[in-house]
Amino acid sequence: MEIQTARTTFIETWGNLGSSWGINRSVAQIQAYLLLAPGPVSTDELMEHLQISRGNTNMSLRQLMDFGVVYKKNVPGERKEFFIHEKDIWKWAPKIMAIRKQRELNPVLEVLTELKEFSPATLGEEPKSPEAMELENTFVEQVNSIQGFSAKVSKVADKLCSPKSEMLLKLFKLFA
């Protein structure tokens with residue numbers, strides 16, 4: 001396999017993987033392209049090689065910059081904007097994990113915490129049938145269980161994704 005074919009395969013695969021994780025395909029493809037680029041890349045180069053519109057390219061770059069993994073790079077003598085991706089996976093992966101946690105896990109955890117406060121006994125309702133009581137008990141038990149587990153996952157994710165923490169690196173080295 002020649003290098004251009006291998007690069008194209010990686011970019012396409014990374015785009016598909018991003019889509020399956022709920023990340024826009026173009027965002028993932030631009031990330032992959034920039035990861036493989038030996039130097040700064042212009043918007044025009046991204047548009048040409050990935051066959052995507054200027055608007056899509058700009059929005060995708062903005063999202064990657066918001067993630068803190070892509071940066072603008074000045075190229076002397078050029079008026080175009082150029083972009084580079086953080087190459088060290090140990091720096092960029094925890095940043096993306098932290099953002100995903102903030103966007104996906106934290107809102108669910110908030111809802112579960114609110115639902116955990118649900119207690120049929122405090123509602124002052126009339127006595128219920130055994131079936132209704134069993135339904136409520138199952139609800140409370142499951143929500144408490146899921147909330148407890150999610151809270152623990154959240155704490156671990158906070159430790160893994162902390163910029164000051166090297167826990168992720170140590171964890172991988174431990175199991176590698």
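A salt bridge here is a side-chain nitrogen of Lys or Arg within 4 Å of a carboxyl oxygen of Asp or Glu. Keep that in mind for the first few views, and remember throughout that this is a predicted model.

**View 1. Asp44 and Lys80 meet in a salt bridge.** With the N to O distance at 3.4 Å, the side chains of Asp44 and Lys80 fit the 4 Å cut-off, so the pair counts as a salt bridge. The two partners come from distant parts of the chain, 36 residues apart. Asp44 belongs to helix α3 (residues 43-50), while Lys80 sits in the loop between β2 (70-73) and β3 (82-85). Asp44 has a relative accessible area of 28%, so it is partly exposed. Lys80 is partly exposed too, at 45%.

**View 2. Glu81 pairs up with Lys72.** Here the N to O distance is 2.8 Å, and the side chains again form a salt bridge. How open are the two ends? Glu81 has a relative accessible area of 41%, which makes it partly exposed. Lys72 gets that label as well, with 47% relative accessibility.

**View 3. A salt bridge joins Asp158 to Lys101.** The closest N and O atoms of this pair are 3.1 Å apart. Asp158 lies in helix α6 and Lys101 in helix α5, so the contact ties together parts that are 57 residues apart in sequence. Is each partner buried or exposed, or somewhere in between? Asp158 is partly exposed at 42%, whereas Lys101 is buried, with a relative accessible area of just 10%. Stepping back, Asp44, Arg54 and Lys80 are joined into one network by salt bridges that share partners. In total, the structure holds six salt bridges.

**View 4. The largest nonpolar core takes in 24 residues.** Which of them have the most contacts inside the core? They are Ile30, Leu34, Leu46 and Val70. Helices α2, α3, α4 and α5 each give two or more residues to this core, and α2 gives the most, with six. Zoom in on Leu34 and you'll find that, leaving out residues up to four places away in sequence, it touches Val41, Leu46, Leu61, Val70, Phe83, His85 and Lys87.

**View 5. Trp92 sits in helix α5.** Its relative accessibility is 7%, so Trp92 counts as buried. What does Trp92 touch, once residues up to four places away in sequence are set aside? The list runs to Trp14, Gln31, Leu35, Val69, His85, Glu86 and Lys87. Val70 is worth finding in this view as well: its C-alpha atom is 9.1 Å from that of Trp92, and the two residues are 22 apart along the chain.

**View 6. The largest pocket has a volume of about 400 Å³.** Several helices give two or more residues to its lining: α1 (3-20), α2 (25-36), α4 (54-67), α5 (89-116) and α6 (130-161). Which one supplies the largest share of that lining? That would be α5, with seven residues. The lining has 21 residues altogether, and those nearest the pocket's centre are Trp21, Ala93, Ile96, Met97 and Arg100. Sorted by class, the lining comes out as 17 nonpolar, two polar and two charged residues.

Terms used:
Residues numbered from 1 in each chain as written. Predicted model: local features only at pLDDT ≥ 70, side-chain atom pairs only at ≥ 80, totals over all residues. Heavy atoms only, no water. 1 Å grid on protein atoms, 1.4 Å probe; cavity = no way out; pocket = protein on both sides within 12 Å on 5 of 7 lines; lining within 4 Å. Points joined across faces, edges and corners; volume = space filled by probe spheres on them. Helix = DSSP H or I, 4+ residues; strand = E, 2+ residues; numbered from the N terminus. Nonpolar A, V, L, I, M, F, W, Y, C, P; charged D, E, K, R; others polar. Buried < 20%, exposed > 50% of the residue type's maximum accessible area, 1.4 Å probe, protein only. Core = buried A, V, L, I, M, F, W, Y, C linked by side-chain atoms within 4.5 Å. Contact = heavy atoms within 4.5 Å.
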